[in-house]
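This report walks through one protein fold, from a single backbone detail to the arrangement of its strands and its core. Please keep the sequence and the coordinates at hand while reading.

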Amino acid sequence: MVEHARREYPLECCGLLSGRGREIDTIQATCNQRRSRKEFFVPLEELFAFFQGLRQSGKDHLGIYHSHPRSECLPSPRDVAEFHYQGVSYWIVSLQGEKADIGCFHWDRVGFKSVSFRVV
Ligand SMILES: [Zn+2]
């Protein structure tokens, strides 16, 4: 995810995460249809292809990620307003600092809550 974020810098990148149970094992980089520094949108064709792939692999959709090239590792007001991936983890890669920062969030009815994660 960090590599993808750096590749697309200064634009936002985005992608989809899948795996089994609570374990994400696949990162699918997608296009950012908006080609923007401040927003992202996964093209519907790519979303559709992703879900078709899941059907073949038997994996589950577990998350979505995007980058914040120049802002902090927290969901922005736009992220909150445009959120439509309920039930899966929401990852942000921030390149604002010297080192990339990764945050994981869950939508909790009224807003995002930060959740901890472990890399295995
Ligand atoms: Zn964002």
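## Helix α2 and the residue after it

Directly after helix α2, G58 adopts a positive phi of about 75°. The model is a predicted one, and the helix that precedes this glycine, α2, covers residues 44-57. Its 14 residues should span 20 Å at 1.5 Å a residue, and the C-alpha atoms at its ends are 20 Å apart, which agrees with that expectation.

None of this helix is packed away: the number of buried residues among the 14 of α2 is 0, so the helix lies largely in the open.

## Overall architecture

The protein contains 3 helices and 6 strands, and from the N terminus on these elements follow the order α-β-β-α-β-α-β-β-β. The radius of gyration is 14 Å, close to the 14 Å that the globule rule gives for 120 residues, so the protein is as compact as a globular protein of that length.

Taken along the principal axes, the C-alpha atoms fill a box of roughly 40 × 30 × 30 Å. Buried residues account for 26% of the 120 residues, and of the contacts between residues at least 6 apart in sequence, 58% join residues at least 24 apart.

## Strand β1 and its two partners

Strand β1 spans residues 14-20, and 5 of its 7 residues are buried, so it is largely enclosed by the rest of the structure. It runs antiparallel to strand β2 (residues 23-30), to which 7 bridges join it, and within this pairing G19 has I24 of β2 as its bridge partner. The hairpin formed by β1 and β2 has 2 residues between the strands, and in it G21 takes a positive phi near 65°.

β1 also pairs with β3 in the antiparallel sense, over 6 bridges, with L16 standing opposite I64 in β3. The contacts of L17 involve residues of both partner strands: leaving aside residues up to four places away in sequence, L17 touches I24, T26, I27, L62, G63, I64 and Y65, where β2 comprises residues 23-30 and β3 comprises residues 60-68.

## Strand β4 between β3 and β5

Strand β4 (residues 89-94) is mostly covered, with 5 of its 6 residues buried. How do strand β3 and β4 run where bridges join them, parallel or antiparallel? They run parallel and are joined by 6 bridges, and one of the residue pairs in this arrangement is that of Y65 with its bridge partner W91 in β4.

With strand β5 (residues 101-107), by contrast, β4 pairs in the antiparallel sense over 5 bridges, and here I92 stands opposite G103 of β5. The connection from β4 to β5 is a hairpin through 6 residues.

## The largest nonpolar core

Which residues of the largest nonpolar core touch the most other members? Of the 19 residues in this core, they are L17, Y65, W91 and V93. The strands β1, β3 and β4 each supply at least two residues of the core, and β4 gives the most, with 4 residues.

The core thus draws together strands already described above. Y65 and W91, two of the residues that touch the most other core members, are also bridge partners, while L17, another of these residues, has Y65 among the residues it touches.

Key. Residues numbered from 1 in each chain as written. Predicted model: local features only at pLDDT ≥ 70, side-chain atom pairs only at ≥ 80, totals over all residues. Rg over C-alpha atoms; globule rule 2.2 N^0.38 Å. Buried ≥ 20, exposed ≤ 12 C-beta atoms within 10 Å, placed from the backbone. Contact = placed C-beta atoms within 7 Å. Pairing = 2+ DSSP bridges. Core = buried A, V, L, I, M, F, W, Y, C linked by C-beta atoms within 7 Å. Expected span 1.5 Å × (residues − 1).
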